[in-house]
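Good morning, colleagues. I should like to use this short slot to discuss aromatic contacts. Please look at the sequence and structure as they come up.

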Amino acid sequence: MHPIMPSPAVAALEGLLVVGVLRERITFKSCVLVYKCLNGMAPEYLSSLLERRKKKPMRLRADFDDLLLETPHPKYKTTERAFSVSGPKLWNSLPGELRRSGTLKSFQTKLKTLLFTKAFSE
């Protein structure tokens, strides 16, 4: 029996789905690694790449979120993919409730829910 070949349109759609899933998987892995770095579960050489955002003395907002990270501004476009740059950007884009998760397991569960919702609502 010969396999049925998908049409070019179906093949293109499957390709887009793979790319979308891959992007969400990379986001998931990066955010989990940042969580581990901030909670003492990752090697020091990775944790040292992240820096918490400092509270400014004359801050007008009383609800300053101390779980935000400093985001470096790279000189080159290729540097944006480095963990020290992409990690803080992804982390800061997460909702505060998610960043304040008490355990790694709860963080992973909430993050998967967020990413699935985002991926399939578009």
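Trp 91 is buried, with a relative accessible area of 1%. I should add at once that this is a predicted model.

Which residue does Trp 91 pair with? Its ring partner is Tyr 35, and the geometry is tilted, with 50° between the planes and 6.5 Å centre to centre. This contact joins distant parts of the chain: Trp 91 belongs to helix α3, residues 83-93, while Tyr 35 belongs to helix α1, residues 8-38, and 56 residues separate them. Tyr 35 counts as buried because its relative accessible area is 2%, and the limit for that class is under 20%.

Let us now follow Tyr 35 to a further contact. Tyr 35 also pairs with Phe 107, this time in a stacked arrangement: the centres are 4.7 Å apart and the planes differ by 15°. Here too, distant parts of the chain are linked, from Tyr 35 in helix α1 to Phe 107 in helix α5, residues 104-121, at 72 residues apart.

Is Phe 107 buried or exposed? Phe 107 is buried, at a relative accessible area of 0%.

Taken together, Tyr 35, Trp 91 and Phe 107 make up one aromatic cluster. As for the overall tally, the model has 3 aromatic pairs, among them the tilted pair of Tyr 35 and Trp 91 and the stacked pair of Tyr 35 and Phe 107.

Thank you for your attention.

Conventions. Residues numbered from 1 in each chain as written. Predicted model: local features only at pLDDT ≥ 70, side-chain atom pairs only at ≥ 80, totals over all residues. Heavy atoms only, no water. Phe/Tyr/Trp six-rings, centres within 6.5 Å; stacked < 30°, edge-to-face > 60°. Helix = DSSP H or I, 4+ residues; strand = E, 2+ residues; numbered from the N terminus. Buried < 20%, exposed > 50% of the residue type's maximum accessible area, 1.4 Å probe, protein only.
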